[in-house]
Amino acid sequence: MEKEKMIDAVEKRRTFAIISHPDAGKTTITEQLLLFGGVVRKAGTVKAKKSGSFAKSDWMEIEKKRGISVTSSVMQFDYAGKRINILDTPGHEDFSEDTYRTLMAVDSAVMVIDSAKGIEPQTKKLFQVCKMRGIPIFTFINKLDRDGREPLDLVTELEEVLNIQAYPMNWPIGMGKGLKGIYDIFNKRIELYRREDKDESFVKLDDSGEIIGEHPLKEESIYQQVLGEIELLKDAGNHFDAAKISQGKLTPVFFGSALTNFGVKTFLDAYLQFAPAPHEHRTNDDDIVKPVDDVFSGFVFKIQANMNPNHRDRIAFVRICSGKFERGMDVTLARGNKKIRLSNSTQFMADTRETLNSAVAGDIIGLYDTGNFQIGDTIYSGKKTIQFEKLPQFTPEIFVKVTAKNVMKQKSFHKGIDQLVQEGAIQLYQSYSTGDYILGAVGQLQFEVFQFRMLNEYHSEVVMTPMGKKIARWIKPEQLDEKMSTSRNLLVKDRQEQPLFLFENEFSERWFQDKYPEVKLTAKL
Ligand code: GDP
């Protein structure tokens, strides 16, 4: 019976991330979804950048100041018999690494596209990570209430730029001021455009796809044009194929307007029908861990310090891969084979962080961390070792030298650096010759976040001296010779005491390699 309950619970889980370029409407659509889940009561509570109230998912001070979403957060709600976990991903390009890891913890992705802009660079990058993982991708083309590009043009671009097949589930009838509704191919109906506060209004279609009986829309030329486009799609477009969707080879495309809550529910209903329940995970030993296995397992995909400034806490975000999580359970941390009791956990409802009692595969739990966890860690119950495959790591590209402004405050400086580096968004190095601290990141914004948080959370004012772009290349400790270091290839060590060079540019790397052909340089550890 217990087992049946668990299977049922796992089947109900839908865990996904919304990916988009900044400003495409990710926050707005998230807010609408939360509304359907009854989590927030009125629109505008999740984020209102200008009015000074902010997304509940935006925890950190800096997010408020800059009006951007810096960290990925988790929201859980129930809708139509399903339990939905949305993992928020920061859209800003500088936070790509954090976002990439978050994408390792989901079963599907929703891609939001601005109908006036089409595929933008950040969408493309995030899409590629989803594609690499083969997870299903659902596309929502947003802002229909504004004039945008031709739908045919957008779908063609989607297929060509992203190299995926697209299947329009519905099709806009007009746009901007001329928006009449969406022609819902999948549900065989027309959803009429209406003001936000009005209920949905649908018009049925007959088998040939025409409106049944009299309707003013029939007189509109745009309706006739859409019928023509639908014919074209039928003849020349892709066929609906649920199997291809689940393999990530075909993306169902929905049109709508998140801001006016038009087409969002239609999207959500279809999404829940075709999005997968939690998937299996492969271990390093090539074993398959099934979501309904009895043994509990999960991995840490994100660590964040000081989520709640009133309680100085660090939270490790864990994606559950199998079994049932219960408060107070004993697990093994695969790295170092260490036993840990999980007594302090939290669940992420959008409005509060409630103490969590139990969770199953697909759910995300937050564990209060006292320094046990690292990103990528596997935890499991039971006797057999489980170690999931490594999460992708990205080599930092830009570097700064960092010092405490007030030399008397070294303690808080070191504490802050230690904790923030552990979150994984920035890397810490130390120069062999001078002992200087050097930070590396994938994007500039991460340094700004670091500086701000050092001041705000650790009362440590830091001075950062830009070093510009560098190419980080690790070498084997046994091949290390400090004399090989010059101003154009600075020798540093990472947190694990592994030596690496920071090369000025490709030229200096080639020069070095010519001079020391026997030294093996590697990009990632
Ligand atoms: P994010 O950066 O992707 O999270 O985007 P937001 O949800 O913050 O939206 C960016 C801007 O676009 C905001 O000013 C929204 O009000 C606006 N917006 C979002 N969805 C729509 C829409 O469907 N129609 C219109 N006209 N504006 C929208």
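Start with the whole chain coloured by secondary structure: the protein has 12 helices and 30 strands. Both are DSSP runs numbered from the N terminus, helices being H or I with at least four residues and strands E with at least two. Residues are numbered from 1 along each chain as its sequence is written. Keep in mind that this is a predicted model, where local features need pLDDT of at least 70, side-chain atom pairs count only at pLDDT 80 or more, and totals for chains, interfaces and linings use all residues.

Next, colour by burial. Of the 525 residues, 45% are buried, that is, 20 or more other C-beta atoms, placed from the backbone, lie within 10 Å of their own.

Now select the domains, whose bounds come from an automatic or database domain assignment. Domain 1 covers 12–63 + 88–274, domain 2 covers 281–380 and domain 3 covers 398–522. Taken over C-alpha atoms, the centres of domain 2 and domain 3 are 30 Å apart. Where they touch, domain 2 gives 6 residues and domain 3 gives 6 residues; a contact requires C-beta atoms, placed from the backbone, within 7 Å. On the domain 2 side, strand S14 (residues 297–305) supplies the largest share, 3 residues. That side holds 3 nonpolar, 2 polar and 1 charged residues. Here Ala, Val, Leu, Ile, Met, Phe, Trp, Tyr, Cys and Pro count as nonpolar, Asp, Glu, Lys and Arg as charged, and the others, Gly among them, as polar.

Move on to the ligand. Which residues come nearest? They are Gly-25, Lys-26, Thr-27, Thr-28 and Leu-259, out of 17 around the ligand, each with its C-beta atom, placed from the backbone, within 6 Å of it. Helix H2 (residues 26–36) brings the largest share of this shell, 3 residues. By class, the shell has 4 nonpolar, 7 polar and 6 charged residues.

Then select helix H9 (residues 264–274), where Val-264, Thr-266, Phe-267, Leu-268 and Tyr-271 are buried. Among the elements covering them are H2, strand S5 (137–142) and strand S11 (250–255).

Finish at helix H11 (residues 444–458). Its buried residues are Gln-446, Phe-447, Val-449, Phe-450, Arg-453, Met-454 and Tyr-458. Look down the axis of H11: these buried residues fall within an arc of 160°, so they line one face of the helix. The arc is taken from the directions from the helix axis to the C-beta atoms. Just after H11 comes His-459, with a positive phi near 50°.

Conventions:
Two residues are in contact if their C-beta atoms, placed from the backbone, lie within 7 Å. A residue is buried if 20 or more other C-beta atoms lie within 10 Å of its own, exposed if 12 or fewer, and partly exposed in between; C-beta atoms are placed from the backbone.
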